[in-house]
Amino acid sequence: MKLNIEVEQETDGRWIGEMPELPGVLAYGATREDVVQKVEALALRVLADKLENGEAVPQAMAEIFAVAP
């Protein structure tokens, strides 16, 4: 599973991006590349906060980490 970024250009020219799998991960940017970078950075902050607080993370993230025996 991938964490998807959905982007769309607003009528005023700004770009908006969000990651539906992580509620609250939404950002605006001047360009498509700018908004993708902002969404990725915000997603990492949200995931780090969830991990630090013992909250569930999307399965795609949970599968990245493996504890060695």
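Which residue lies over the face of Tyr28? In this predicted model, that residue is Arg14, placed 4.2 Å from the ring centre. I shall return to Arg14 shortly, after an outline of the chain.

The protein chain holds two helices and three strands. Read from the N terminus, their order is β-β-β-α-α. As for overall dimensions, the C-alpha atoms occupy a box of roughly 50 × 20 × 15 Å along the principal axes. The radius of gyration is 14 Å, whereas a compact globule of 69 residues would be expected near 11 Å. With regard to burial, 23% of the 69 residues count as buried.

Let me now turn to the charged side chains. In general terms, side chains of opposite charge can pair when their charged atoms come close. How many salt bridges does a search of the whole structure find? The search returns three, and I shall take them in sequence.

The opening case brings us back to Arg14. Its side chain meets that of Asp12 in a salt bridge, with an N to O distance of 2.9 Å. Arg14 therefore appears in two of the contacts under discussion: the salt bridge with Asp12 and the placement over the ring of Tyr28. In terms of accessibility, Arg14 is partly exposed, at a relative accessible area of 38%.

The next case involves Asp34 and Lys38, whose side chains form a salt bridge at 3.5 Å, N to O. Why are these two residues separated by about one helical turn? The reason is that they stand four residues apart in helix H1. Asp34 counts as partly exposed, at 23% relative accessibility. Since the boundary for buried residues is set at under 20%, the value of 23% for Asp34 falls outside that class. Lys38 likewise counts as partly exposed, at 39% relative accessibility.

The remaining case joins Glu55 to Lys50, with an N to O distance of 3.6 Å between the side chains. Glu55 is partly exposed, its relative accessible area being 39%.

On aromatic contacts I can be brief. By the ring-pairing rule applied here, the count of aromatic pairs is zero. The ring of Tyr28 nevertheless has Arg14 over its face, as noted at the outset.

I now move to the nonpolar part of the surface. Which residues form a nonpolar patch there? They are Leu51, Ile64 and Phe65, and together they present about 330 Å² of accessible area. Ile64 belongs to the segment after helix H2, which covers residues 59-62. Phe65 is found in the segment after H2 as well. Ile64 is exposed, with a relative accessible area of 55%. Phe65 is also exposed, and its relative accessible area is 53%. Because exposed means over 50%, the 55% of Ile64 qualifies, and so does the 53% of Phe65.

Finally, I should like to place a few residues relative to one another by C-alpha separation. Gly24 is in the loop between strand S2, residues 15-18, and strand S3, residues 26-29. Is Gly24 buried or exposed? Gly24 is exposed, with a relative accessible area of 66%. In sequence, Gly24 and Val46 are 22 residues apart, and their C-alpha atoms are 8.5 Å apart in space.

Ala41 is located in helix H1, which spans residues 32-52. Ala41 is partly exposed, at a relative accessible area of 29%. Between the C-alpha atoms of Ala41 and Ala27 there are 10.0 Å, with their positions 14 residues apart along the chain.

The last pair links two residues already discussed. Phe65, from the nonpolar patch, and Asp34, from the salt bridge with Lys38, are 31 residues apart along the chain, and their C-alpha atoms are separated by 28 Å.

Notes:
Residues numbered from 1 in each chain as written. Predicted model: local features only at pLDDT ≥ 70, side-chain atom pairs only at ≥ 80, totals over all residues. Heavy atoms only, no water. Patch = residues over 30% accessible without salt bridge, like charges linked within 9 Å, V, L, I, M, F, W, Y side chains within 5 Å. Areas by Shrake-Rupley, 256 points an atom, 1.4 Å probe, with all protein chains shown as cover. Salt bridge = Lys/Arg side-chain N within 4 Å of Asp/Glu carboxyl O. Buried < 20%, exposed > 50% of the residue type's maximum accessible area, 1.4 Å probe, protein only. Phe/Tyr/Trp six-rings, centres within 6.5 Å; stacked < 30°, edge-to-face > 60°. Lys NZ or Arg CZ within 6 Å of the ring centre and 35° of its normal. Rg over C-alpha atoms; globule rule 2.2 N^0.38 Å.
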